[in-house]
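Subject: Structure handover

Hi,

Here is the structure I promised to pass on. Have a look at it first, and my notes follow below.

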Amino acid sequence: MRIVAITTRVVNADMRNWVFVRVETDQPGLHGWGEATLEWKTQAVVGAVNDLAPLLIGRDPRDIEQAVRILKKRSFWRLGVIGMSAISGIELALWDIFGKWLGQPVWRLLGGKVRDRVKVYTHLGLGDMRAVYETMDAEPLVQRASEVVARGYRALKAVFIPYSHYHAPLAEVEKVGRLMEALRNTVGPEVEIMVDFHGRPASASTALAYIDVLAPYRPMFIEEPLPPGETVALAQLAAKSRVPIATGERLIDRPEFDDLFRARAVDIVQPDICHCGGLLEAKKIATMAEALSIGVAPHNPLGPIAGAAALHFAVSTPNHLIQEEMVGAVPWYFEVVKGPIRMVDGCWQVPDAPGLGIEVDETIVDRHPYKPEVMHATNAVLSDGTIVDW
């Protein structure tokens, strides 16, 4: 079996363009799909896939570890998030091919089943991205949270930490406390709440001010309280925080995760399967975390192929904690890719179809061609004009 072509299809999903990667083989009808979505870098990722593709033409798609080594080692330059996202999309498609060839779901090839169902959480608006990033007041917050719970979710995440810098103004801190109190009172103690800081605080002291007002309401974890790379400050914060800390969505190499683990700066790690190099790399990161009693909750606000890959990862990974999903990002989420995601009682069910278990409807793809994404990050400006982290 040989790879004969690697191509991309871009699907505009409003605030993101989904980048689907298709790998063709010389076996009639046998191909695989992956996803390499990277917000605001769509055309760069498509270009990276095109640049990397010649390295794998003529090679056996079942040699997945070797394929990833070739893409990394023969690129010479360190690839960064654009190149690693391209590799991830290709790698997922290779697993899809391998599973189809064997007639087995990918989770069996990753070590087999370690759980009978997968706990999941979604965001406000059931993943509608404007609801996710623009719910900063109590009334819409509790309304949207109620809608999520009514749909059967037993966990949800909200983003209501204000755009921040090196100081947390008292008025903003108290507002965050009121929002969290309203949210907890609305969903009750049975529903897990996660709060995404989105890397907005620029210092550990700023992050800690917000953590302290969230702590009485027992969030499951707070996410990315500091920007990526601030490992020393994160370790200092972890030593003082009364809430478990999760991070890692913007790390792309095992050495970066190793630095995080060595510093004991995190309780839950969040690699993104579509950015860190794919399923095999994510499994290696999870194994490193397991050795240090760290749970894994992969980042996944992306498209339906990414969701399918996350499901197979979760089924086969012992220290997997809970899975992020955004199946409500667009109303036609389940039309463009027909796949294995099925939720019962707040949990995804274990799939049994070969490969990733997906079928891409390219007629739906054609209806949603590339458009420039909504540049929501331009909102991250303080009242004095200071540009801060989105």
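**What turned up**

P331 is exposed, with a relative accessible area of 82%. Bear in mind that this is a predicted model. You will find P331 in the loop that runs between β11 (323-324) and α13 (333-336). I also checked P331 against T287: the two are 44 residues apart in sequence, and their C-alpha atoms are 36 Å apart in space.

V213 makes another pair with E181. Here the separation is 32 residues in sequence and 9.3 Å in space, again C-alpha to C-alpha. V213 belongs to helix α8 (residues 204-214). Its relative accessibility is 23%, and because buried means under 20% and exposed over 50%, V213 counts as partly exposed.

**Cavities**

Searching the whole structure gives two cavities of 30 Å³ or more. Some notes on each:

- The largest cavity holds about 50 Å³ of space. Its lining is made up of M15, R16, E39, W40, M129, Y133 and W390. By type, that lining splits into five nonpolar residues, two charged and no polar.
- The second largest cavity has a volume of about 40 Å³. P304, Y333, F334, V337, G339, P340, I341 and I358 line it. Seven of these lining residues are nonpolar and one is polar, with no charged residue in the set.

**Aromatics**

How many aromatic pairs are there? The count comes to 12. One of them is F76 with W77: the ring centres are 5.5 Å apart and the planes meet at 70 degrees, so this pair is edge-to-face. F76 and W77 are both exposed.

W95 and F98 form an aromatic pair too, this one tilted, with 6.3 Å from centre to centre and 35 degrees between the planes. Both sit in helix α3 (residues 80-102), three residues apart, which is about one turn of the helix. As a reminder, an α-helix has 3.6 residues a turn, so residues three or four places apart point the same way. Are W95 and F98 buried or exposed? W95 is buried, at 6% relative accessibility, and F98 is buried as well, with a relative accessible area of 18%.

There is also an aromatic cluster, formed by W18, F20, W33, W332, Y333 and F334. Two of its members, Y333 and F334, are the ones you met above in the lining of the second largest cavity.

For a charge over a ring, go to R62 and W101. The charged end of R62 sits over the ring of W101, 4.2 Å from the ring's centre.

**Helix α1**

Which residues of α1 (residues 42-52) are buried? They are T42, V45, V46, A48, V49 and L52. These residues cover an arc of only 160 degrees around the axis, which means that they lie on the same side of α1. Turned away from that buried side is a face that carries the exposed residues Q43 and D51.

If you are opening the model now, three places to look up are the loop with P331, the tilted pair of W95 and F98, and R62 with its charged end over the ring of W101.

Cheers

Terms used: Residues numbered from 1 in each chain as written. Predicted model: local features only at pLDDT ≥ 70, side-chain atom pairs only at ≥ 80, totals over all residues. Heavy atoms only, no water. Helix = DSSP H or I, 4+ residues; strand = E, 2+ residues; numbered from the N terminus. Buried < 20%, exposed > 50% of the residue type's maximum accessible area, 1.4 Å probe, protein only. 1 Å grid on protein atoms, 1.4 Å probe; cavity = no way out; pocket = protein on both sides within 12 Å on 5 of 7 lines; lining within 4 Å. Points joined across faces, edges and corners; volume = space filled by probe spheres on them. Nonpolar A, V, L, I, M, F, W, Y, C, P; charged D, E, K, R; others polar. Phe/Tyr/Trp six-rings, centres within 6.5 Å; stacked < 30°, edge-to-face > 60°. Lys NZ or Arg CZ within 6 Å of the ring centre and 35° of its normal. Arc of directions from axis to C-beta.
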